[in-house]
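Please read this report with the sequence and the three-dimensional view side by side. It begins with the surface and the chain as a whole, and then turns to single helices, residues and pairs of charged side chains.

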Amino acid sequence: MESCYCIEPQWPADELLMKYQYISDFFIALAYFSIPLELIYFVKKSAVFPYKWVLVQFGAFIVLCGATHLISLWTFTMHTRTVAVVMTTSKVLTAVVSCATALMLVHIIPDLLSVKTRELFLKNKAAELDREMGLIRTQEETGRHVRMLTHEIRSTLDRHTILRTTLVELGRTLALEECALWMPTRTGLELQLSYTLRQQNPVGYTVPIHLPVINQVFSSSRAVKISPNCPVARLRPAGKYMPGEVVAVRVPLLHLSNFQINAWPELSTKRYALMVLMLPSDSARQWHVHELELVEVVADQVAVALSHAAILEESTRARDLLMEQNVALDLARREAETAIRARNDFLAVMNHEMRTPMHAIIALSSLLQETELTPEQRLMVETILKSSNLLATLINDVLDLSRLEDGSLQLELGTFNLYAVFREVFNLIKPIASVKKLNVSLNLAPDLPEYAIGDEKRLMQTILNVVGNALKFSKEGSISVTAFVAKSESLRDPRAPEFFPVPSDNHFYLRVQVKDSGSGISPQDIPKLFTKFAQTQSTATRNSGGSGLGLAICKRFVNLMEGHIWIESEGLGKGCTAIFIVKLGIPERLNGPRLPFIPEVSTSHGPTAFPGLKVLVMDENGVSRMVTKGLLVHLGCDVTMVSSSDECLHVVSHEHKVVLVDVCVPGINGYEIAIRIHEKFTKRYERPLIVALTGNTDKVTKEKCMRVGMDGVILKPVSLDKMRSVLSDLLEQ
């Protein structure tokens, strides 16, 4: 009996089931063998997969499973022992690989899960990055719109153009149905509809500014969503539609207070305009965050542009006002200059016209005084002469005051004998004091310099005015004049805080005190003394005469000499003391130690008459010409008179020693005559002395006379003594 290695089935096999199992094992084996091929392809193509050896092990497991199923195909029929051994070996290997794969998966699954976690994290990060990129793109888009809107808004500084442009650009950029701007009224209690996007002519109605919705918007710097049915959002016609979302934002307004060109105006945070923006109706569109940010940025830009426009408007208004003021000031300046020219012309004419008759009165009175007169006649002539001199002084005061006020008067600085000035003043007032029986004393300090630098004429006029006032208001008693160098501790006066004397080696301060025992002055009247045309209210003052110009002019002269003047008095009937301080220069090598000055009447060493002196007088005024001739004839001169410049140039010859020329003549004036005479007589010893007759006391006239070659100037009116003194000085030179 042959041996058999077949396995006997325990139960009979169903042929049909066996057939299905056979077919299934075949396809399972086919699938098992195809999957490793696919894994091998995946491992070969994948360069980043970290578990290639796991796939190789898993592929071996699948191959063994497939081999097991493939070998089992031979077990459905009678098979040999070899098939059974192969089948057993295949199943053992499959079991080993399966267990090893299962154990390996226990270690691999956590890693795979962590990879999945990282994958999910990366996906979340990618989504977040996408959102950030979208936000960046949105911000870039918003920035582009903001730049575009800012450029459009700031392309003009006109308030209305800025607001209209803002509404149009916002409506176009955000596709708005309506955009409106509510502006505060002048009272600040209401908001008025001022600008809209769709309506060409805003209705202009108002709403109270204290509405809750308005307070809500004004209290926030962000764009606020508001109800479409609130009063500020009712801008669309009524209809059957679903209103779109509405937002409102505040627009700060610049409040100008105390605006100045050189100072930044104050910005008030309590005044706002309200901008309302509406999305289209019957749409599901909503406001996005980037759109709200765009609205907020645009509102800020509009506020900046409106502030610039407001500043420009105010600066333009200030400039226009300044231009108007400049025009008015220029007109006032021209009118003032015209008035000054008219005044100067009037004064020049009146000066000439008044001095001409005064010249006649004083000259004829002085000539009449030289004749045989009865005591009564002599008294009348002296009264006429004194009154004429007073009138001439008044004319000089008016002209000096006029030039002091317009600033045209300048000091004529020069070196002069300070003692001689006081001596001359003393000699002038001594006859008047003798008549009034007043004791006049002059005290000059031993350390007072003999020579000084300053305006001799103005200083003498100041001293004479102050002493003259003392004579005028003193009926009895005495008058003392004291002069000394002011010490530094006595210079400052609390009554004149603007007076700041500065000691120096090149100058000194002269202090003059004139004390009288006259009628005195009440303390309340002292400030009025230095006001022009002012008179005190005391009876003595009112009955003393005077124009009220003397002390006013003295004060201006003292100010020009960098000094100070004031009056002291204890009251009416107690006399007064006039004190002034002036600044004088110290000349070199002229001053030395001097003995105390004793006043005495000076004697004239010049001739009292000039017999045979040939003088040519040119004056277009017949009266003035005759008066001048009378003075010269009385002095023994041989006088020739002419009335015109042409006649003067024709008559003048080398026999004439002196030519008196009136500088104010029609035709060729006195300056041109002097030039022609110089041209006619080229040799100095043949040319006569040329003397100007003028009524102008200003420095310009004297300088012009000297510039054209004149030898002297005689100021009208001229008395006999003055004519004698001038001729004596000319002939001595």
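The accessible surface of the protein chain comes to about 41,900 Å², and carbon and sulfur atoms account for 59% of that area. The model is a predicted one, and every value in this report was computed from it. Of the 733 residues in the protein chain, 41% are buried, and the chain has 16 helices and 18 strands. When contacts with a separation of 6 or more are considered, 70% of them join residues that are 24 or more positions apart.

## A nonpolar patch on the surface

Leu129, Met133 and Ile136 together make a nonpolar surface patch of about 260 Å². Leu129 belongs to helix α3, which covers residues 81-154. Is Leu129 buried or partly exposed? Leu129 counts as partly exposed because its relative accessibility is 48%, which lies between the 20% and 50% limits of that class.

## Helix α9 and its surroundings

Helix α9 takes in residues 456-472, and its 17 residues reach 24 Å from the first C-alpha to the last, close to the 24 Å expected at 1.5 Å a residue. This helix is mostly covered, since twelve of its 17 residues are buried. Among the buried residues of α9 are Arg458, Leu459, Met460, Asn465 and Leu471. At the start of α9, a side-chain oxygen of Asp455 comes to within 3.2 Å of the backbone nitrogen of Arg458.

Thr462, which also lies in helix α9, gives a closer view of this covered helix. Thr462 is buried, because its relative accessible area is 0%. Which residues is Thr462 in contact with, leaving aside its neighbours within four places in sequence? They are Cys554, Phe557, Val558, Met561 and Phe580.

## Helix α16

Helix α16 runs over residues 720-732, and its 13 residues should span 18 Å at 1.5 Å a residue, which agrees with the 18 Å between its end C-alpha atoms. The buried residues in α16 include Leu720, Met723, Arg724 and Leu727.

## Salt bridges

How many salt bridges does a search of the whole structure find? The search finds 16, and the table sets out three of them with the distance from nitrogen to oxygen.

| Side chains that meet | Distance, N to O |
|---|---|
| Arg319 and Asp320 | 3.6 Å |
| Arg334 and Asp330 | 3.0 Å |
| Lys583 and Glu562 | 3.2 Å |

In the salt bridge between Arg319 and Asp320, Arg319 is partly exposed, with a relative accessible area of 46%, and Asp320 is partly exposed as well, with a relative accessible area of 34%.

Arg334 and Asp330 are four residues apart in helix α6 (residues 289-369), so they are separated by about one helical turn. Asp330 counts as partly exposed, at 25% relative accessibility. This pair also belongs to a wider arrangement, in which Asp330, Arg333, Arg334 and Glu337 are linked in a network of salt bridges.

The side chains of Lys583 and Glu562 also meet in a salt bridge. This pair links distant parts of the chain, as Lys583 is in strand β13 (residues 576-585) while Glu562 is in the loop between α11 (550-560) and β12 (564-569), 21 residues apart. Lys583 is partly exposed, with a relative accessible area of 26%, and Glu562 counts as partly exposed at 46% relative accessibility.

## Two residues with positive phi

Glu562 returns here for its backbone, since this residue has a positive phi of about 55 degrees although it is not a glycine. Where is Glu562 placed? It is in the loop between α11 and β12.

Ala175 likewise has a positive phi of about 55 degrees, although it is not a glycine. Ala175 is found in the loop between α4 (159-174) and β1 (178-184), and it is partly exposed, with a relative accessible area of 43%.

Note on methods: Residues are numbered from 1 along each chain as its sequence is written. This is a predicted model: local features need pLDDT of at least 70, side-chain atom pairs count only at pLDDT 80 or more; totals for chains, interfaces and linings use all residues. Side-chain values use heavy atoms; hydrogens and water are left out. Helices (H or I, at least four residues) and strands (E, at least two) are DSSP runs, numbered from the N terminus. Buried means under 20% relative accessible area, exposed over 50%, partly exposed in between (1.4 Å probe, protein chains only). Contact means heavy atoms within 4.5 Å. Accessible areas come from the Shrake-Rupley method with a 1.4 Å probe; for residues, only the protein chains shown count as cover. Patches are made of residues with over 30% relative accessible area and no salt bridge: like charges are joined within 9 Å, nonpolar side chains (Val, Leu, Ile, Met, Phe, Trp, Tyr) within 5 Å. A salt bridge is a side-chain nitrogen of Lys or Arg within 4 Å of a carboxyl oxygen of Asp or Glu. The expected span of a helix is 1.5 Å times one less than its number of residues. A polar contact is a pair of N or O atoms within 3.5 Å; within protein, one must be able to donate a hydrogen and the other to accept it, and residues adjacent in sequence count only if both atoms are side-chain atoms.
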